[in-house]
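Q: Please give a close account of one part of this structure, namely its open sheet and the surroundings of that sheet.

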Amino acid sequence: MNVTVVGAGYVGLVTAACLAELGQRVVCVDHDQARVVLLQAGGVPIYEPGLDELVQRNQQAGRLRFTTSMALGVEHAEVLFIAVGTPPQEDGSADLQHVLAVARQVGRLLTHDLVVVNKSTVPVGTGEAVQRVIDEALRVRGCQGLACAVVSNPEFLKEGAAIEDFMRPDRIVIGVPPGPAGARARECLSQLYAPFNRHHERTVWMDVPSAELTKYAANAMLATRISFMNEMALLADRVGADIDAVRRGIGADQRIGHSFLYAGTGYGGSCFPKDTRALMHTAAAHGSPMRVVSAVEAVNRMQKRHLVGMVTQLMGEDLSGRRLAVWGLSFKPNTNDMREAPSRVVIQALLARGATVLAHDPVAGSEARRVLTEDMAAQPGLLQRLHLEESPEAVLLDADALLVLTEWKCFHSPDFARLRDLMREPLILDGRNLYDPALLQALGIAYLGIGRRNAL
Ligand code: NAD
């Protein structure tokens, strides 16, 4: 099948490379010329395990091409995926300008029947809006005869495991519009996704608004589990319970399960924060406020500052002269994505209180430098006390505390004796509950986790 994917970011690039791997002829369009030039030269602009090999292999096989030309993308496509960003606006709503810009270009350029598949996360009603924009552009050109159905196919991949998630999805949600054009679109997508449904049917068919809402409902549910556990962890500290024992105890209940029950420094990334806010915005606009989701969001905002509160309780509000080490900057392991990462909040707050911060991340260092420079553009002086180091050990020298912010594998089992000897004060503030408090106590390292019976 001839497939075009518009957007070469986390979702678009993975979609394009995986569909090419499955044998489709894929053109991937992005309006960012530097990104396309890099991709054409065999480079990959994001860190995602396995993606560079997949892109290179399929490019060399001639099944995957990159371009900035929408004309080429539209001309090539039997199916066209929209996988562009839907960033949050000031009021929390999703900014649809990129999605609608793609729709306008499709309407202006289309000369044959097409199935448009929206993979971007968009509020209910966007599928209809995209359809209207395309139909209107076709009408202006006198091309009303062309069939162009807009389908919703939200993406559920996780950064860091994106290829595995795309290739072996739990489910594929597809919303199709009513009528013959919708039926044809369903047939076309059944064919495209057939390799995923060989063992059992994974596709959940529904109407477009339900598919659009499914994506937000899924992210809100997962965010709820995290905030629920973070709030429970605060109580665990107060009552002398260990949240990790509680996690194991409730996770063993099959009705609850083990996923997304880890207390920590709060969720970040490009999806949960923005999608919960966008959902609240949609709900408010329809007079149906989401009280649970709004509490989830508020708990998360506070949770991102929780470790800073621990530091100031131990060391006072003025952190001048303190050297604080940070392990992990990306919002989660196996990605360099810094969008809404808790590290941004923590590091800025520590610097603002006068601390010197030495930070290490296995892959997100340069992206962190870029976003932190942006975050602190109004206080460039703060950045002088931030040192991004190449090795996890380099940040420990003479440190007053180590804050663990991302659970990269390489931080799971450090050489604790060496860590203790390098630090001025052997103190770990474990924002991901990676370590065993009893073991660290035995090694003479002070330890505070999230809800691990912290006696502060
Ligand atoms: P991204 O910012 O990494 O990539 C978007 C790409 O689209 C960029 O390269 C940008 O240059 C390009 N683009 C924007 N407008 C364009 C246009 N008019 N023409 C051509 N290219 C254009 O975004 P992402 O993380 O891949 O997210 C894309 C969508 O998928 C969002 O709606 C997001 O919420 C959703 N989503 C993301 C994830 C994730 O883990 N990142 C998971 C599921 C769903």
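A: The following account describes the sheet, a helix beside it and a loop residue.

The model is predicted: local features need pLDDT of at least 70, side-chain atom pairs count only at pLDDT 80 or more, and totals for chains, interfaces and linings use all residues. Residues are numbered from 1 along each chain as its sequence is written.

The open sheet has 6 strands in the order 11-10-9-12-13-14, with parallel pairing. Strands (E, at least two residues) and helices (H or I, at least four) are DSSP runs numbered from the N terminus, and two strands pair if DSSP finds at least two bridges between them. At the edges stand strand 11 (386-388) and strand 14 (446-448), each of which pairs on one side only. From one strand to the next, the twist averages 20°; axes are lines fitted to C-alpha atoms, for helices over the stretch in contact, and angles run from 0 to 180 degrees between N-to-C directions.

Strand 9 (residues 323-327) pairs with strand 12 (residues 401-404) in the parallel sense over 4 bridges. Within this pairing, Ala-325 stands opposite Leu-402 in strand 12. Helix 14 (residues 342-352) packs on the sheet, where it touches strand 9, strand 10 (356-360), strand 11 and strand 12. Contact requires C-beta atoms, placed from the backbone, within 7 Å. The direction of helix 14 makes about 155° with that of strand 10.

The loop between strand 9 and helix 14 contains Asn-334. Most residues other than glycine have a negative phi. Asn-334, although not a glycine, has a positive phi of about 65°. Asn-334 counts as buried because it has 20 C-beta neighbours inside 10 Å; a residue is buried at 20 or more such neighbours, exposed at 12 or fewer, and partly exposed in between, with C-beta atoms placed from the backbone.

Methods:
Two residues are in contact if their C-beta atoms, placed from the backbone, lie within 7 Å.
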